[in-house]
Amino acid sequence: MKIAIFNVHNWERDYLQNANNGKHSLKMFDTYLSLDTVDLAKGCDAICIFTEDNASAPILDRLHELGIQYVALRSAGFNNIDVAHAKKLGIRMARVPEYSPYAIAEFTVGVMLALNRKLVRTHYRIMEMNFSLNGLVGFDMNGKTVGIIGTGKIGRVVAKILHGFGCKLLLYDIVENKALVEKYDATYTDLDALCRQSDIITLHAPLNEKTHHLIDADRISKMKKGVMLINAGRGGLVKTQDVISAIKSGQIGYFGMDVYEEEKGLYFEDHSDDILQDDAMARLMTLRNVLISSHQAFLTDTALENISQITFDNLECMEKGNVCKNEIK
């Protein structure tokens, strides 16, 4: 096949080429898929897109006119594609539902530790020859109550790691996992109870209409004062302005943010020569009890190998007309 791959980053290029192993003809573009760029796919049989690409109805119509039969997403989420319209056009779609829950879970716990023990602040102090310990007091993770919202593949690994730290685990999900309760002495509860009792809350729920802005001013008001909040799930789970207000008031004592509801056009790019236009991000960057990363939790060699391999497996499966277990239906 001839495949147009949009939104290719330097850190994934070699993984994609290795997974392809010369089987298909690849056209790699560092630009996003949009109405302005869709014609780059001319002459191709399939396209491959990432989270920031736009696969809305008008773009799908043009892809259909160009003869595109398959869309492969290098991601688990597919909010950026009009699934119903693609089906109407007969375009088959597939995603990468799982690439490495360990990568994201380990990163999540790493952010907890970095915030708690103030490791970023420590590093910058020492670079300035300041070896004082004032203001660097943290807390033992052992014995603390951690609320995990979303106990799918990633949430389960987070539970496993935190159980090893000696944390008490409170869980919330619409589907309860009995194995977590039995293995880690965890307890499923409702959201309000989880918020009231947790010292740390970490988000691993999918983003949909019910979970959009799951964490807002009302829910934050139910949390312990000084709570640590970690979002390595989806940016839209959190209402950013409400979190900023809660950090300023001291209601939220620590905030770790790997994903951001306004990250499109900001994350994955070098803006070091630009004037930052996002006022919420600018405010968050001034707060020393906030740790921001740019959608980095998944970024391990294992995850990148898996994403690339599964992407090409999906494309080959669809090309052969076989049932694809990762197909979006």
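**Exercise 1. Decide whether Ile126 is buried, partly exposed or exposed, and place it in its surroundings.**

Step 1. In this predicted model, Ile126 has a relative accessible area of 31%. Buried means under 20%, and exposed means over 50%. Ile126 is therefore partly exposed.

Step 2. Find its element. Ile126 lies in helix H5, residues 119-127.

Step 3. Look at the surface. Ile126 joins Met127, Met129 and Phe131 in a nonpolar patch. Together the four have about 460 Å² of accessible area.

**Exercise 2. Describe the largest nonpolar core and name the elements that build it.**

Step 1. Take the size. This core has 43 residues.

Step 2. Pick out the residues with the most contacts inside it. They are Ile149, Ile201, Ile252 and Phe255.

Step 3. List the elements giving two or more residues. The helices are H8 (191-197), H10 (240-249), H11 (279-284) and H12 (301-319). The strands are S9 (200-203), S10 (227-231) and S11 (252-257). H10 contributes the most, with 4 residues.

**Exercise 3. Trace the contacts of Phe255, then identify the second core.**

Step 1. Leave out residues up to four places away in sequence. Phe255 then touches Leu115, Leu229, Val243, Ile247, Leu284, Asn289, Val290 and Leu291.

Step 2. Turn to the second core. It is separate and has 26 residues, including Val109, Val158, Tyr254 and Leu291.

**Exercise 4. State what the annotated domain covers and what it contains.**

Step 1. The unreviewed UniProt entry annotates a "D-isomer specific 2-hydroxyacid dehydrogenase catalytic" domain over residues 4-328.

Step 2. Over residues 4-328 the chain is 37% helix and 14% strand. The end C-alpha atoms are 19 Å apart.

Note on methods:
Residues are numbered from 1 along each chain as its sequence is written. This is a predicted model: local features need pLDDT of at least 70, side-chain atom pairs count only at pLDDT 80 or more; totals for chains, interfaces and linings use all residues. Side-chain values use heavy atoms; hydrogens and water are left out. UniProt positions are given in the numbering used here, feature names are shortened, and annotations may be inferred rather than shown by experiment. Patches are made of residues with over 30% relative accessible area and no salt bridge: like charges are joined within 9 Å, nonpolar side chains (Val, Leu, Ile, Met, Phe, Trp, Tyr) within 5 Å. Accessible areas come from the Shrake-Rupley method with a 1.4 Å probe; for residues, only the protein chains shown count as cover. A salt bridge is a side-chain nitrogen of Lys or Arg within 4 Å of a carboxyl oxygen of Asp or Glu. Buried means under 20% relative accessible area, exposed over 50%, partly exposed in between (1.4 Å probe, protein chains only). A nonpolar core is a set of buried Ala, Val, Leu, Ile, Met, Phe, Trp, Tyr and Cys residues joined through side-chain atoms within 4.5 Å. Contact means heavy atoms within 4.5 Å.
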